[in-house]
Structure formats: C-alpha cells, structure tokens
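User: I am a first-year student and would like a close look at one part of this protein. Please take me through it slowly and then show how it sits within the whole.

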Amino acid sequence: MTKTSCISIPETLEMPTESFVVPGCYRDDLKSVIIPEGLIKDRVKRLAQEIHAVIGDEPLVVLCILKGSYRFFTTLVDDLTVARHSCASPLQIDFIRVKSYEDTESTGTLQIMGLSSLDELKGQNILIVEDIVDTGTIGDLGAKKIWTSVLLSKRVTRKIEVAEDFVAFDIPDKFIVGYGLDYNQKFRDLNHICVMSDSGILKYKKT
Ligand code: HPA
Ligand code: MG
C-alpha cells in the first residue's frame with residue numbers, strides 16, 4: 001500500500017455541522033463533519049500527482065465504481081488530466097455499479113452492472129476508483145495491471161485482503177455519508193464527509 005501521504009482522521013476529530021454549509025434538510029441527521037470538502041479537494045490534487053508518478057505515461061482506463069465514487073472520480077480525473085498534461089498515451093473512463101449496502105450493513109452480495117462484460121477490461125491498465133474500503137472489494141478483472149485508488153479507508157479488520165494502492169484518507173470505524181457516499185441513497189449531495197446522528201439513521205432506515 002502506498003500510504004505515504006495518506007491523512008489519518010483521528011477518532012476524536014468531529015467538527016460541528018454549524019461551522020459548515022450543509023443542506024438544511026440534513027442538519028438534524030448529522031452528528032459532525034469529519035472531512036470538509038476543501039480538504040478532500042486539496043488531498044485529491046496531491047493523490048493524482050502520486051498516481052501519475054507511479055503509473056507514468058501508459059494508456060489507462062480509469063474505472064468509476066458507482067454510485068459512491070462519482071464525486072471522487074470526477075475530481076480525480078480532472079486532477080489526473082492536469083498531472084498527465086505531457087502524456088502521449090490516452091486516458092479512457094468507464095463505469096460499473098457495485099451494490100452491497102442496505103441500512104448501515106453490507107448485504108455480503110455484490111451486484112455488478114454497467115459494462116456489457118468484464119472482458120472489456122482484459123489486458124488493459126486499470127485504475128479502480130473506489131469511495132470507501134471497509135471489509136472487502138471486487139475481485140479479479142483479468143486486467144494487465146490494476147491499481148486501486150480509494151477516497152476513504154476504514155480502520156477495521158478486513159475480511160479479505162484488499163488492494164489499496166492510493167489512499168486519500170483513513171478514517172475511524174464510523175458510518176459516514178457525503179461527497180457521494182449514501183445512507184439508503186440519501187446524502188450523496190452533501191459536500192462534506194459527515195458522521196450521521198442516531199436520529200438520522202433511524203429516520204431513513206429501511207428495515
Ligand atoms: N458509509 C456509506 N457507505 C458505506 C460505508 C459508510 O460508512 N461503508 C461502506 N459503504
Ligand atoms: Mg452505498
């Protein structure tokens with residue numbers, strides 16, 4: 001794991017939501033802000049430089065794992081494009097959807113959709129872009145080379161070994177939302193990464 005520049009968010013760092021702009025409809029559903037949007041943007045700029053320094057001028061498919069990574073993905077691709085300004089090899093993007101969470105628990109089954117076939121990725125250099133890694137991730141894609149970039153890595157015991165080549169932040173074991181990450185499909189539009197309040201978890205609970 002290239003965790004050299006990863007920022008570790010301490011267990012105790014919880015900032016008041018009143019100090020930030022959050023949609024009014026969510027204010028009571030959130031306990032605190034743990035990573036403000038500005039910090040994410042600054043960190044991803046540097047992460048893009050680190051990724052480029054390792055991968056270099058190679059053809060690259062950047063694979064967005066929907067839905068949670070959509071914001072991290074667009075920010076990272078923008079910053080990678082700047083880092084790759086003098087590259088001769090093209091960058092392509094693709095999207096797949098992997099769904100496993102209901103309420104705050106993983107259902108254990110991964111649904112993969114988006115590509116007509118995972119064979120499309122065979123023989124390519126792939127940079128997987130994931131929002132969060134907690135207990136596990138997707139398996140073998142038959143690619144030439146695969147790197148994984150992760151916005152958030154939870155400090156929990158992994159059930160299976162997970163590749164995390166480029167990590168923006170590691171965070172405490174708390175259920176978080178925002179910057180693309182959801183709780184039962186809500187909160188993706190929240191700009192900052194926040195910890196939910198107990199009442200928020202109850203309000204949008206499905207089961
Ligand atoms: N929040 C949202 N989605 C998630 C989380 C989380 O903490 N962990 C895994 N998927
Ligand atoms: Mg989710």
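How many residues does α1 have, and how far does α1 reach from its first C-alpha to its last?

Analyst: Please keep in mind that this is a predicted model, and that the values below are computed from it. Helix α1 has 19 residues, and the distance from its first C-alpha to its last is 26 Å, which is close to the 27 Å expected at 1.5 Å a residue. Just after α1 comes G56, a residue whose phi is positive, near 75°.

The next step is to see which residues of this helix are covered. The buried residues of α1 are E37, I40, R43, V44, L47, A48, E50, I51 and I55. An α-helix has 3.6 residues a turn, so residues three or four places apart point the same way. With that in mind, you can follow the list on the structure, going for example from I40 to V44 or from L47 to I51, each of them buried.

From here we can turn to the interior of the protein. The largest nonpolar core has 32 residues, and within it L127 and L152 have the most contacts. Several elements give two or more residues to this core, namely β2 (30–35), α1 (37–55), β3 (60–66), α2, β6 (125–133), β7 (145–154), β8 (166–171) and β10 (193–196). The largest share comes from α1, which supplies six residues. To picture one of the most connected members, look at L152, which, leaving aside residues up to four places away in sequence, touches I35, D131, I132, V133, F169, I171, I176, L181 and I193. There is also a second, separate core of twelve residues, and V22, Y26, Y183 and L190 are among them.

One residue of α1 also leads us to another helix. E37, which is buried in α1, is touched by R71, and R71 is found in helix α2 (residues 70–83). R71 counts as buried because its relative accessibility is 14%, below the 20% cut-off. Besides E37, and again not counting residues up to four places away in sequence, R71 touches Y179, G180, R188, D189, L190 and N191.

Finally, we can place the helix in the whole chain. The protein chain has three helices and ten strands, and along the sequence these follow the pattern β-β-α-β-α-β-β-β-β-β-β-β-α. Of the 207 residues in the chain, 47% are buried. Among contacts between residues at least 6 apart in sequence, 59% join residues at least 24 apart.

Technical notes
Residues are numbered from 1 along each chain as its sequence is written. Chains are lettered from A and ligands numbered from 1 in the order in which they are written. This is a predicted model: local features need pLDDT of at least 70, side-chain atom pairs count only at pLDDT 80 or more; totals for chains, interfaces and linings use all residues. Side-chain values use heavy atoms; hydrogens and water are left out. Helices (H or I, at least four residues) and strands (E, at least two) are DSSP runs, numbered from the N terminus. Buried means under 20% relative accessible area, exposed over 50%, partly exposed in between (1.4 Å probe, protein chains only). Contact means heavy atoms within 4.5 Å. A nonpolar core is a set of buried Ala, Val, Leu, Ile, Met, Phe, Trp, Tyr and Cys residues joined through side-chain atoms within 4.5 Å. The expected span of a helix is 1.5 Å times one less than its number of residues.
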